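This report looks at how selected helices and strands are arranged in the structure shown below. It begins with a pair of packed helices and then turns to their surroundings.

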Protein chains: 2
Amino acid sequence: MNKHLLLNLLFFFALTVTSQAQEALFRAQNIVSPEIHEDGSVTFRLFAPTAQTVKVSGDFLPSVKMETPMGQMDGPGNADLTKDENGVWSFKSKPLSPELYGYSFSVDGFSTIDPSNPFLIRDVASVTNIFIVGEGQADLYRTQDVPHGTVTRRWYDSPTLGMDRRITVYTPPGYEKSTEKYPVLYLLHGAGGDEEAWIALGRTAQIMDNLIAEGKVTPMIVVMPNGNVIQDGAPGEGSQGFYKPQFMIPKTMDGTYEGAFKDIISFVESSYQVKAEKANRAIAGLSMGGYHSLHISRYYPNTFDYIGLFSAAIMAREDATGKVYSDFDKTLLAQKDNGYKLYWIAIGKTDFLYDANKEFRSKLDGMGMTYEYVESEGGHIWRNWRVYLTQFAPMLFK
Amino acid sequence: MNKHLLLNLLFFFALTVTSQAQEALFRAQNIVSPEIHEDGSVTFRLFAPTAQTVKVSGDFLPSVKMETPMGQMDGPGNADLTKDENGVWSFKSKPLSPELYGYSFSVDGFSTIDPSNPFLIRDVASVTNIFIVGEGQADLYRTQDVPHGTVTRRWYDSPTLGMDRRITVYTPPGYEKSTEKYPVLYLLHGAGGDEEAWIALGRTAQIMDNLIAEGKVTPMIVVMPNGNVIQDGAPGEGSQGFYKPQFMIPKTMDGTYEGAFKDIISFVESSYQVKAEKANRAIAGLSMGGYHSLHISRYYPNTFDYIGLFSAAIMAREDATGKVYSDFDKTLLAQKDNGYKLYWIAIGKTDFLYDANKEFRSKLDGMGMTYEYVESEGGHIWRNWRVYLTQFAPMLFK
């Protein structure tokens, strides 16, 4: 055995803490999964010689109806893998359209990630593998050989909430060497998300880098705060340590966050080279973040010229009382009278919030409050929110 | 059903892309794993009603001998979980000493992560769950309610390598508002690692925040570059996209990185408020990064006053030729004659690089080149490298 190979193998063992890696080395080291083919089809593989059934489940397969306590809903489709003589299970998909997809395996009914694919995203408490297929729109989600912006995780003081809080900030390529001031997009996550959501699930840094390189997006700062006021940082990143994230986080839609949002603006405008004026402030968010964007943009008068509601969770809440929610119609009218450059509403045709958004649009129509509206295929999914960001960002600060 | 709960559940389904999350909701939603008890014991749980055997494997269990092509080596221990009437398997450990541990499950021989624990680290291509037990040393690895530094992922130009490369930089609390200049620690990863390794596996940001808050560490900038010159960024973060990382990356120990290291110093000293002088530069690294630190610190004369070799991969390499490796003894002697404040060598008693480090120390002894030496328990593992960082950092820039 070559001396270097031996040494490298020794390294490998020494670094290894689980039997998973040993298996990977001895039995499954040549497994490639997923394998993306030229035509956009994808082969998934899993080494599991003693398993009886192996399935792959993901958003690249036709959705299936599933029974839930609330009745039938759409769920991710699944497909059976077949086993070869070496104990390697595989499934080849049909050619997929360009996109970032998520998937997981089920081995004899037990759900698991793909051990051959270390690329994972966490959504609330679920971890799934991801892969990217194709060009065009999918290329916007890739790290390409273009000038790159900087992604910073830092902590800001929120006097209103009485805590230091973690925040993610994207600054565009060239920011550090520039003496210019930049416009700012505040980009808000949904329920169950945090200050990591837009970077990890939303591919914000890649989208902005690529669209700026194409000359389609004005270089801007993107601020991604944490909308859960009971947390100082994302699960595992804040002082609450490691815990199993819950979807239903209290106090996220009761006005506390909106009321404290001034601390975020104040931090950003005192810490970065920004154009601190309405014409250079945008706010957008998905689902709960759309709800936040709606309320923040009318609660702080004359503050934002660009508002984006992505599948916004527009709803009356019993806990939404107090100053932030008083005078809803009055503040909305004031927002209309003060003027803005873009009020952008996007939602998928099968989104469960479709009707609530339709109702809200009727309200805006009745008030003569103008907006642009985009209706996409699909439902309440990250695939749509990434697309919405690629559509919304080019319209800002022009 | 309460309207908000219904809506929240609807959200949950809408956000979900895999059947894993559905299971988690319907059948396993109350599973807590790992559960850390007051006395430091830990209960692991897994919902797998149809499984025949479930094991947990991790570095918190006594290691076992395992057969490899290179003979017997130490491997992580494992323990059997037992099943209750609800299909929930569990195992309770004995009380563990304060530490950050890694583990995975094996279900009927198939290795998998713990679906109840979304906290994961990637080491090369292996993903394992982590948890933290106890106080004292373990508290250094937690995000605590102390002033926090900033962690930045940005890209620097490496003219020597002809590419933009991704780099991780920690700046200490207060850096952004300060006009002071700071000392710099260059902290290098091992083989198979990248610019994410020290932050994720090494808990660098937590260690620095906590030790700075205790007044034990001088506020400093910590620069964590990528030592694999064929990559522009970590797997999944660079322009090579998503691929299965390999342990044996070519051109990592052939002098190319050391020769290009001047680009990193130049970037840091032109981009940050740093004290650009020998007395305020430190370089340290683990394993391959120890090898790099050894060579960089002698190849660039009079550049570093503090050198740290953590389980350093000290070895003669056939591919290590050319300018960087010529005059090894001569440059080491020059380093001795030029002087330095600390040459720190640490290694575990069972590390497979123990003898190579012993031989190197003999060489230094023979040359009259002074160093400090720390010999720990254990082998070539992240547990030791985290501890070494907590020991090394307090000695810098005093």
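In this predicted model, helix H4(B) passes helix H9(B) in a right-handed crossing. The two helices pack at an angle of about 30 degrees, and their axes lie 11 Å apart; because angles under 35 degrees count as roughly parallel, H4(B) is roughly parallel to H9(B). On the side of H4(B), the contact is made by Thr204(B), Ile207(B) and Leu211(B), which meet Arg386(B), Leu389(B) and Thr390(B) of H9(B). Sorted by class, this contact of H4(B) with H9(B) comprises three nonpolar, two polar and one charged residues.

How is H9(B) placed with respect to the rest of the structure, enclosed or open? Helix H9(B), which spans residues 382-392, has eight of its 11 residues buried, so it is largely enclosed by the rest of the structure. The buried residues are Trp382(B), Asn384(B), Trp385(B), Arg386(B), Val387(B), Tyr388(B), Leu389(B) and Phe392(B). Their cover includes helix H4 (204-213) of chain B, together with strands E9 (99-107), E17 (281-286), E18 (306-310), E19 (342-348) and E20 (372-376) of chain B. Arg386(B) and Leu389(B) thus appear both among the buried residues of H9(B) and in the contact with H4(B).

A second helix pair is found in chain A, where the axes of H6(A), residues 288-299, and H7(A), residues 328-338, come within 8 Å and cross at roughly 70 degrees. H6(A) and H7(A) are therefore roughly perpendicular to each other. Ser297(A), Arg298(A) and Tyr299(A) of H6(A) make this contact with Thr331(A), Leu332(A) and Gln335(A) of H7(A), and by class the contact has two nonpolar, three polar and one charged residues.

The two helix pairs are set side by side here.

| Helix pair | Crossing angle | Axes |
|---|---|---|
| H4(B) and H9(B) | about 30 degrees | 11 Å apart |
| H6(A) and H7(A) | roughly 70 degrees | within 8 Å |

Chain B also holds an open sheet of four strands, in the order E1-E2-E8-E7, with antiparallel pairing. Strands E1 (35-36) and E7 (82-83) of chain B stand at its edges, each with a single partner strand, so one side of each is left without a neighbour in the sheet. At one of these edges, E1(B) pairs with strand E2 (residues 42-47) of chain B in the antiparallel sense over two bridges, and Ile36(B) stands opposite Val42(B) in E2(B).

Terms used. Residues numbered from 1 in each chain as written. Chains lettered and ligands numbered in written order. Predicted model: local features only at pLDDT ≥ 70, side-chain atom pairs only at ≥ 80, totals over all residues. Axes fitted to C-alpha atoms, helices over the stretch in contact; angles between N-to-C directions. Parallel < 35°, antiparallel > 145°, perpendicular 65-115°, else oblique. Contact = placed C-beta atoms within 7 Å. Nonpolar A, V, L, I, M, F, W, Y, C, P; charged D, E, K, R; others polar. Buried ≥ 20, exposed ≤ 12 C-beta atoms within 10 Å, placed from the backbone. Pairing = 2+ DSSP bridges. Left-handed = near helix turned anticlockwise from the far one by under 90°.
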